[in-house]
Amino acid sequence: MAVITFNDILSSDFLTTVSDFSLTDMIIAIGLSFALGLFILFIYKKSFTGVMYSSGFGLSLVAMSMITAMIILAIGSNIILSLGMVGALSIVRFRSAVKDPMDIAYLFWAISVGIVLGAGLIPLAVFGTAFIGIIIYVFSIRKPKDKPYILIVDCASEETEEKVDSVLKGAVKKHLVRSKTVSESGIELTVEVRLRDMESSFVNKVSGLDGVNRAVLVSYNGEYMT
């Protein structure tokens, strides 16, 4: 039985040996990564709840799945490429800020699809992507019925503040003061409210109170106002 020595491992023939993969394999991997990337983009659009949709980020999901599949095909066929890719990725720093935690999940999803397809595990990539997409879509369409809103009111005095509180008690299901700012010009209240049957006419009553300079109602998802 032949024993492989350290010199044999470092020989140029071993390092430059490229495993055979046909043109058909490359077309299938890249083509499926493109199709699954489009599916990920579709789910991202349907479940997007941010302030402004970024077409660039959506396109990057498709590109990332294809690029990752191509990289896995390359590094799986040549040891030199695999070692070089590890070194290159160790010094890469991504500076783009991710505002929504779900964006990280989509990025990782696209990368995982490329890795699995590059490794040749096509059934896992197809059925896994379909299952994940269905789960995300189902949970995204189940929007909460009791949607929170933020009411911002500029009051001239404490008496006006009490009047605003009285109106809210009879007009909304629930309200909670989130912040209160007192200055020389008056009092600014930030109140989280839960509407009754999406009825927002109480804002007109609040703004019509004596001493109320301004009343603004905005939707709120817990992270940002829209």
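## Exercises: contacts, cores and a helix

**Exercise 1.** Which residues does L151 touch, not counting residues up to four places away in sequence?

*Solution.* Start with the rule: a contact means heavy atoms within 4.5 Å. With neighbours up to four places away in sequence left out, L151 touches L168, L189, T190, V191, V193, F202, V203, V216 and L217.

A note before going on: this is a predicted model, where local features need pLDDT of at least 70, side-chain atom pairs count only at pLDDT 80 or more, and totals for chains, interfaces and linings use all residues. Residues are numbered from 1 along each chain as its sequence is written, and side-chain values use heavy atoms, leaving out hydrogens and water.

**Exercise 2.** Which residues of the largest nonpolar core touch the most other members?

*Solution.* First, the terms. A nonpolar core is a set of buried Ala, Val, Leu, Ile, Met, Phe, Trp, Tyr and Cys residues joined through side-chain atoms within 4.5 Å. Buried means under 20% relative accessible area, exposed over 50%, partly exposed in between (1.4 Å probe, protein chains only). Next, the core: among its 19 residues, L151, L168, V193, F202 and V206 touch the most other members. Lastly, a separate second core has 14 residues, including L36, I40, I43 and Y106.

**Exercise 3.** Is S65 buried or exposed?

*Solution.* Locate S65 in helix α4, residues 55–75; helices (H or I, at least four residues) are DSSP runs, numbered from the N terminus. Its relative accessible area is 0%, so S65 is buried. Now look around: S65 touches S33, G37, A110, V113 and G114, leaving out residues up to four places away in sequence. The cover over the buried residues of α4 includes α3 (23–47) and α6 (101–118).

Notes
Helix = DSSP H or I, 4+ residues; strand = E, 2+ residues; numbered from the N terminus.
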